[in-house]
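The following exercises invite the reader to examine a structure step by step. Each task is followed by a worked solution.

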Amino acid sequence: MYTALRLQSKLKAGEASVTVVDPQPHMTYQPFLPEAAAGSIEPRHVVVPLRKALKRCHVLTGRVTKISHADKVATVELPDGHVEELGYDVLVSALGSVARTLPIPGLAERGIGFKTVGEAILLRNHVLSRMDLAATTLDPELRRRLLTFVVIGGGYAGIEALAELEDMSRYATRYYENIKPEDMRWVLVEATGRVMPEVSPRMGVYTVERLAERGIQVYLDTRVKSMVDGHVVLDDGTEFDSETIIWTAGVKANPVLENTDLPRDSRGRVRCTSTTQIEGLRDAWSAGDCSAVPDLAKVEQDPQAMCSPSAQHAVRQARQMADNIVAVLRGKQPKPYRHKHVGSVASLGLYRGVAELFGVRVKGFPAWFIHRTYHMSRMPTFNRKFRIVMDWTLALLFRREVVSLGQINDPKADFVRAARS
């Protein structure tokens, strides 16, 4: 979407036609999903409607299932199951990534991902509904199970999801007569020896310390062996039951790339040059999580360094790629993508965060404010920026809403029950 936005502003009328194919009619700004799940932002405001934003582009709602660049044809499956072959002159592959899962017993049945706005809404409703059930049961074992929440994966997504949801549930306890913050058990399981590898080890330690202060249990160098029927078994021998298991243990390139003739690396990503052109192809481009673009800022230290799968790189690559596409169409040379890493920011819940900017470590409220300001600036369109700022302002004045709308997960249940009675 970022590429299409820039193309429609750079291309002259009649110079080219841009078609955007996506299975969803919107783009999701994933860094805001934790706040959407915690109720600080309206979920509809973290997505951008494609047809509204891309007025000079053709938007096709469908799922690309195959790409034959040798024939310059993309196979698209439409929502009604119909399959179309879409011809093109220039290809932009921006398929992104999907959750990287492991063959852990019970994961498919019990795990909840955290990459879409639907999953963010589901998690919010799920956590609050577990609290509702725990407040009404007299069974102490069931209550303990309902109030145990597990996050697997200590990267940015896992830490921010954990921090925001724990913050939300802690705030919600004030409305429950028989649930106190200490009744809840929040657990983070990370397979490596540190959290958030994008920041320095010192900041990673600081993050763990702040989480521990809130009563969150952190298991490092620990893997999940099983979660069948919600019974979580860790490789250090720890066992417990949980009704909420959130999976944020990494991403992998979109598997659709396996059905293409594009060159890929060992991790399944499209191999690209520093200009974001796909290797060996002048009329094909790729950016974002699905592409392996050389990181020129690190190439002196590591000649094989590739850009990390982050929103920071994806947004900037998209803009450079759009400029390069326009340049090639007009007979000019593309320019390499180079972005000097200025730092990292992460939220640890309301008014708390960590950040590293130009080597300077920032903690607490200033880091949280920087986190919000940066991501708000990256959010596309003034419409969405304004709505998000208004959400924050209203949440500051009236506090966040803590109510489960679990009916949206099965909206016809009551109607079906009434029809059968």
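**Exercise 1. Describe the surroundings of threonine 275.**

Step 1. Threonine 275 is found in the loop that runs between β19 (270-271) and β20 (284-286). Helices (H or I, at least four residues) and strands (E, at least two) are DSSP runs, numbered from the N terminus. This is a predicted model, in which local features need pLDDT of at least 70 and side-chain atom pairs count only at pLDDT 80 or more, while totals for chains, interfaces and linings use all residues. Residues are numbered from 1 along each chain as its sequence is written, and side-chain values use heavy atoms, with hydrogens and water left out.

Step 2. The relative accessible area of threonine 275 is 10%, so the residue is buried. Buried means under 20% relative accessible area, exposed means over 50%, and partly exposed lies in between (1.4 Å probe, protein chains only).

Step 3. The side chain of threonine 275 has a polar contact of 2.8 Å with the side chain of threonine 273, and another of 3.2 Å with the side chain of glutamine 277. A polar contact is a pair of N or O atoms within 3.5 Å; within protein, one must be able to donate a hydrogen and the other to accept it, and residues adjacent in sequence count only if both atoms are side-chain atoms.

Step 4. When neighbours within four places in sequence are set aside, the contacts of threonine 275 (heavy atoms within 4.5 Å) are Trp285, Asn324, Pro334, Lys335, Pro336 and Tyr337.

**Exercise 2. How many salt bridges does the structure hold?**

Step 1. There are 20 salt bridges in the structure. Each is a side-chain nitrogen of Lys or Arg within 4 Å of a carboxyl oxygen of Asp or Glu.

Step 2. In one of them, aspartate 183 is bridged to arginine 143, with 3.2 Å between the closest N and O atoms. This pair connects distant parts of the chain, 40 residues apart: aspartate 183 belongs to the loop between α7 (156-172) and β12 (185-189), and arginine 143 to helix α6 (residues 140-146). Aspartate 183 has a relative accessible area of 33% and is therefore partly exposed.

Step 3. Arginine 269 is bridged to aspartate 265, their closest N and O atoms lying 2.9 Å apart. Because its relative accessible area is 9%, arginine 269 counts as buried.

Step 4. Arginine 361 and glutamate 356 form a further salt bridge, at 3.6 Å between the closest N and O atoms. Arginine 361 is partly exposed at 38% relative accessibility, whereas glutamate 356 is buried at 13%.

Step 5. Arg110, Arg130, Arg145, Asp241 and Glu243 are joined into one network by salt bridges that share partners.

**Exercise 3. Which residues touch the most other members of the largest nonpolar core?**

Step 1. A nonpolar core is a set of buried Ala, Val, Leu, Ile, Met, Phe, Trp, Tyr and Cys residues joined through side-chain atoms within 4.5 Å.

Step 2. The largest core has 74 residues, and Phe32, Val46, Leu54, Met131 and Trp186 touch the most other members. Helix α7 gives the most to this core, namely eight residues.

Step 3. Methionine 131, leaving out residues up to four places away in sequence, touches Leu147, Ser169, Ala172, Thr173, Tyr176, Ile179 and Met184.

Step 4. A separate second core has 19 residues, among them Leu257, Ile278, Ala284 and Cys307.

**Exercise 4. Why is one side of β5 and of β7 left without a neighbour in the sheet?**

Step 1. The strands β5-β6-β7, in that order, make an open sheet of three strands with antiparallel pairing. Two strands pair if DSSP finds at least two bridges between them.

Step 2. Strands β5 (63-68) and β7 (83-87) are at the edges and have a single partner strand each, so one side of each has no neighbour in the sheet.

Step 3. Five bridges hold the antiparallel pair of β5 and strand β6 (residues 73-77). The bridge partner of arginine 63 in β6 is glutamate 77.

**Exercise 5. Describe the pairing of β23 and β24.**

Step 1. Strand β23 (residues 353-357) and strand β24 (residues 360-363) run antiparallel and are joined by four bridges. Alanine 355 has valine 362 as its bridge partner in β24.

Step 2. The hairpin of β23 and β24 has two residues between the strands, and phenylalanine 358 takes a positive phi near 55° there.
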